[in-house]
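Reader: I have a structure to discuss and would like to go through it one part at a time. May I put some short questions to you?

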Amino acid sequence: MTWLITGGAGYIGAHVARAMTDAGERVLVLDDLSAGVPARLPAGVPLVHGSSLDAGLLKRVCAEHGVTGVVHLAARKQVAESVAQPTRYYRENVGGLTTLLEAVAEAGIKRFVFSSSAAVYGNPDVDLITEDTPCVPVNPYGETKLAGEWLVRAAGRAHGISTVCLRYFNVAGAAAPELADTGVFNIVPMVFDRLTRDEAPRIFGDDYPTPDGTCVRDYIHVADLAEAHLAAARRLTEDITPGDLTVNIGRGEGVSVRELITVIGEVSGDRRPALVEARRPGDAPRAVASAARAAEQLGWTARRGVREMIGSAWQGWLRHHGG
Ligand SMILES: O=c1ccn([C@@H]2O[C@H](COP(=O)(O)OP(=O)(O)O[C@H]3O[C@H](CO)[C@@H](O)[C@H](O)[C@H]3O)[C@@H](O)[C@H]2O)c(=O)[nH]1
């Protein structure tokens, strides 16, 4: 097998590239470097600088490198930006996937892993979200991920491609400091950023119907998430029967904003009390995965806990932002 990882120089993609390389898989990376960093790639992994919207490039890459499977992560991923720029999100996320699937079908590639998101579910009022929980995305980002899943399954059926869609919950942590997330768009780096500026962490609402009133999420270590991609790739390699599989990638354990901020205080040594602010529009009170299907179908279960996530993320933060 030769696996093409699109978006493989990004935060999650580079972890996937490392996990697959460490496991002995042959990989190459396509990345437009809009957010990716070449230095994140393991030694010896070829990097093609380009976009999944470039049909000619995709065709050449698949042929020249003898690609036999694709792990597609390249996408835009910021919810607020998707609300402000919906056409860009549809063009890049759905358009890029369309172009890529056409190249995959033309090259006769039979294995495809798609990076989806818990954002496809919207705000369901359930204790544990299973893969059968209705998908009602509440922003254009989530819509493009749901439309992407439909497209992946339909193209799989039409062209005999075996597909896996991985619905990531809240990703955090780093396998090594140099692989850490450098963006400040999610709670962990947002709280680190506040502490670095000598400001108190902020809690967006403590009047939710949850045990401590703050929102509950399912945080997953990026190294565990990377191993889930490897498990998906291995399953597709072993089972050549065309079919589709959609799985949640989470720990199945809820952690509240307040609990998370407490762990950040312990890890960083900065335990100043958080400020409670107004709710952030669009936030669901609770989003926790049922992790059962991933265990059954991929033989994969997360191994790393919240403390390890926060500890590794903090080491990465100090490396990139000083401290
Ligand atoms: O300074 C902060 C930052 C965040 N929050 C809260 O922390 C929780 C988590 O927020 P965030 O890290 O922004 O993640 P989500 O809003 O849950 O969304 C993430 O997780 C989704 C999947 O579950 C993905 O679709 C999104 O792309 C990804 O940003 C939310 O309740 C926020 O209100 C705070 O209270 N204070």
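Reader: In which sense do strand β9 and β12 pair, and over how many bridges?

Author: This is a predicted model. In it, β9, residues 216-217, and β12 pair in the antiparallel sense, over two bridges.

Reader: Which residue of β12 is the bridge partner of Val216?

Author: The partner of Val216 is Ser256.

Reader: What is the order of the strands in that open sheet?

Author: The order is β12-β9-β14, so three strands form the open sheet, and their pairing is mixed. The edge strands are β12 (255-256) and β14 (286-287), each of which pairs on one side only. In general, strands of a sheet pair through backbone hydrogen bonds, either parallel or antiparallel.

Reader: Let us turn to helix α1. Does its length agree or disagree with the expected span?

Author: The two agree. Helix α1 runs over residues 11-22, and its 12 residues should span 16 Å at 1.5 Å a residue, while its end C-alpha atoms are 17 Å apart.

Reader: Is α1 mostly covered or mostly open?

Author: Helix α1 is mostly covered, with 10 of its 12 residues buried. The buried residues include Tyr11, Ile12, His15, Val16, Arg18 and Met20.

Reader: Against which elements do the buried residues of α1 pack?

Author: They pack against four strands and a helix: β1 (2-6), β2 (26-31), β4 (69-72), β7 (170-172) and α7 (222-238).

Reader: What is the phi of Gly24, just after α1?

Author: Gly24 takes a positive phi of about 95°.

Reader: Which residues other than glycine have a positive phi?

Author: Leu33 and Asp198 are among them: phi is near 60° for Leu33 and about 65° for Asp198. Leu33 is in the loop between β2 and β3, and Asp198 lies in the loop between α6 and β8.

Reader: Why is Asp198 classed as exposed, and Leu33 as partly exposed?

Author: Asp198 is exposed because it has 8 other C-beta atoms within 10 Å, and a residue counts as exposed at 12 or fewer. Leu33 has 13 other C-beta atoms within 10 Å, so it is partly exposed.

Reader: And the ligand: how many residues surround it, and which are the closest?

Author: The ligand is surrounded by 20 residues, and the closest are Ala118, Ala119, Asn186, Ile187 and Cys215. Helix α6 (187-196) and strand β8 (202-204) each supply at least two residues of the shell.

Reader: How do the residues of that shell divide into nonpolar, polar and charged?

Author: There are 12 nonpolar, three polar and five charged residues in the shell around the ligand.

Reader: Now Val48. Where is it found, and which residues does it touch?

Author: Val48 is found in strand β3, residues 47-49. Leaving aside residues up to four places away in sequence, Val48 touches Leu28, Val29, Leu30 and Val61. With 19 other C-beta atoms within 10 Å, Val48 is partly exposed, because a residue counts as buried at 20 or more.

Reader: How far is Val48 from Pro201?

Author: Val48 and Pro201 are 153 residues apart in sequence, and their C-alpha atoms are 39 Å apart in space.

Reader: Finally, which residues does the UniProt domain annotation cover?

Author: The unreviewed UniProt entry annotates residues 3-250 as "domain: NAD-dependent epimerase/dehydratase". Over residues 3-250 the chain is 39% helix and 19% strand, with the end C-alpha atoms 24 Å apart.

How values were computed
Residues are numbered from 1 along each chain as its sequence is written. This is a predicted model: local features need pLDDT of at least 70, side-chain atom pairs count only at pLDDT 80 or more; totals for chains, interfaces and linings use all residues. The expected span of a helix is 1.5 Å times one less than its number of residues. Two residues are in contact if their C-beta atoms, placed from the backbone, lie within 7 Å. A residue is near a molecule or strand if its C-beta atom, placed from the backbone, lies within 6 Å of it. Ala, Val, Leu, Ile, Met, Phe, Trp, Tyr, Cys and Pro count as nonpolar, Asp, Glu, Lys and Arg as charged, and the others, Gly among them, as polar. UniProt positions are given in the numbering used here, feature names are shortened, and annotations may be inferred rather than shown by experiment.
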